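Hi there,

Here is the structure I promised to pass on to you. Please have a look at it first, and then read on for what turned up.

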Amino acid sequence: TVSMGVSCYPEDALDAHTLIMKADQALYKAKGSGKNRIEVARGLTDEEMRAGDERGSCLGERRHGEHL
């Protein structure tokens with residue numbers, strides 16, 4: 001199965017770091033909602049964004065400029 005989190009430039013953020021962070025948080029929401037889901041960052045509530053900040057990123061620690 002596939003779950004995805006999507007964020008779009010410039011609607012969701014103006015820099016790469018924030019775009020990735022929002023897509024990552026949307027991914028967690030998709031995974032928590034069941035299988036075969038796609039969540040768009042624009043659909044995240046402020047509470048979901050804060051929960052993502054507290055949880056951390058599934059991307060782990062990456063240095064600036066490191067490719068995914």
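A word on terms before anything else: a residue is called buried when its relative accessible area is under 20%, exposed when that area is over 50%, and partly exposed in between. Please also keep in mind that this is a predicted model.

Let me begin with the overall layout. The protein has two helices and two strands, and from the N terminus on they follow the order β-α-β-α. Of the 68 residues in the protein, 24% are buried. The accessible surface comes to about 5000 Å², and carbon and sulfur atoms account for 52% of that surface. If you take the contacts between residues at least 6 apart in sequence, 56% of them join residues at least 24 apart.

Next, how far can you rely on the model? The mean pLDDT of the protein is 78, with 65% of the residues at 70 or more. Among the elements, strand 1 has the highest mean pLDDT, at 94, and helix 2 the lowest, at 64. Over residues 61-68 the pLDDT is below 50, and this stretch has four contacts in the model beyond near neighbours in sequence. Where pLDDT is low, the predicted coordinates should not be read in detail. Please look at residues 61-68, with their pLDDT below 50, in that spirit.

Now to the charged side chains. Side chains of opposite charge can pair when their charged atoms come close. How many salt bridges does the protein have? The count comes to three.

One of them is between R42 and D12, whose side chains meet with 3.3 Å from N to O. R42 sits in the loop between strand 2 (38-40) and helix 2 (46-55), while D12 sits in the loop between strand 1 and helix 1 (16-32), so this pair ties together parts that are 30 residues apart in sequence. Is D12 buried or exposed? D12 has a relative accessible area of 8%, which is under 20%, so D12 counts as buried. Its partner R42 has a relative accessibility of 48% and is therefore partly exposed.

The other two salt bridges share E39. The side chains of K29 and E39 meet at 3.9 Å, N to O. K29 belongs to helix 1 and E39 to strand 2, so the pair ties together parts that are ten residues apart in sequence. K29 is partly exposed, at 24% relative accessibility. The side chains of R37 and E39 also form a salt bridge, here at 2.8 Å from N to O. Because they share partners, these salt bridges join K29, R37 and E39 into one network. R37 has a relative accessible area of 32%, so R37 is partly exposed.

It is worth pausing on E39 itself. E39 is found in strand 2 and counts as buried because its relative accessibility is 10%. The side chain of E39 also makes a polar contact with the side chain of R37, at 2.8 Å. Leaving out residues up to four places away in sequence, E39 touches M4, G5, V6, A26, K29, A30 and S33.

A30, one of those residues, is a good place to go next. A30 lies in helix 1, and with a relative accessibility of 0% A30 counts as buried. Not counting residues up to four places away in sequence, A30 touches S3, M4, R37 and E39. The C-alpha atoms of A30 and V40, ten residues apart along the chain, are separated by 8.9 Å.

Finally, the surface. Which residues make the nonpolar surface patch of about 340 Å²? They are V2, M4, I38 and V40. M4 has its place in strand 1, which covers residues 4-6. With 40% relative accessibility, M4 counts as partly exposed. M4 has also come up above, as one of the residues that E39 touches and one of those that A30 touches.

If you would like a place to start in the viewer, try the network of K29, R37 and E39, and then turn to the pair of R42 and D12.

Best wishes

Conventions. Residues numbered from 1 in each chain as written. Predicted model: local features only at pLDDT ≥ 70, side-chain atom pairs only at ≥ 80, totals over all residues. Heavy atoms only, no water. Helix = DSSP H or I, 4+ residues; strand = E, 2+ residues; numbered from the N terminus. Buried < 20%, exposed > 50% of the residue type's maximum accessible area, 1.4 Å probe, protein only. Contact = heavy atoms within 4.5 Å. Areas by Shrake-Rupley, 256 points an atom, 1.4 Å probe, with all protein chains shown as cover. Patch = residues over 30% accessible without salt bridge, like charges linked within 9 Å, V, L, I, M, F, W, Y side chains within 5 Å. Salt bridge = Lys/Arg side-chain N within 4 Å of Asp/Glu carboxyl O. pLDDT = per-residue confidence, 0-100. Polar contact = N/O pair within 3.5 Å; in protein donor to acceptor, adjacent residues only side chain to side chain.
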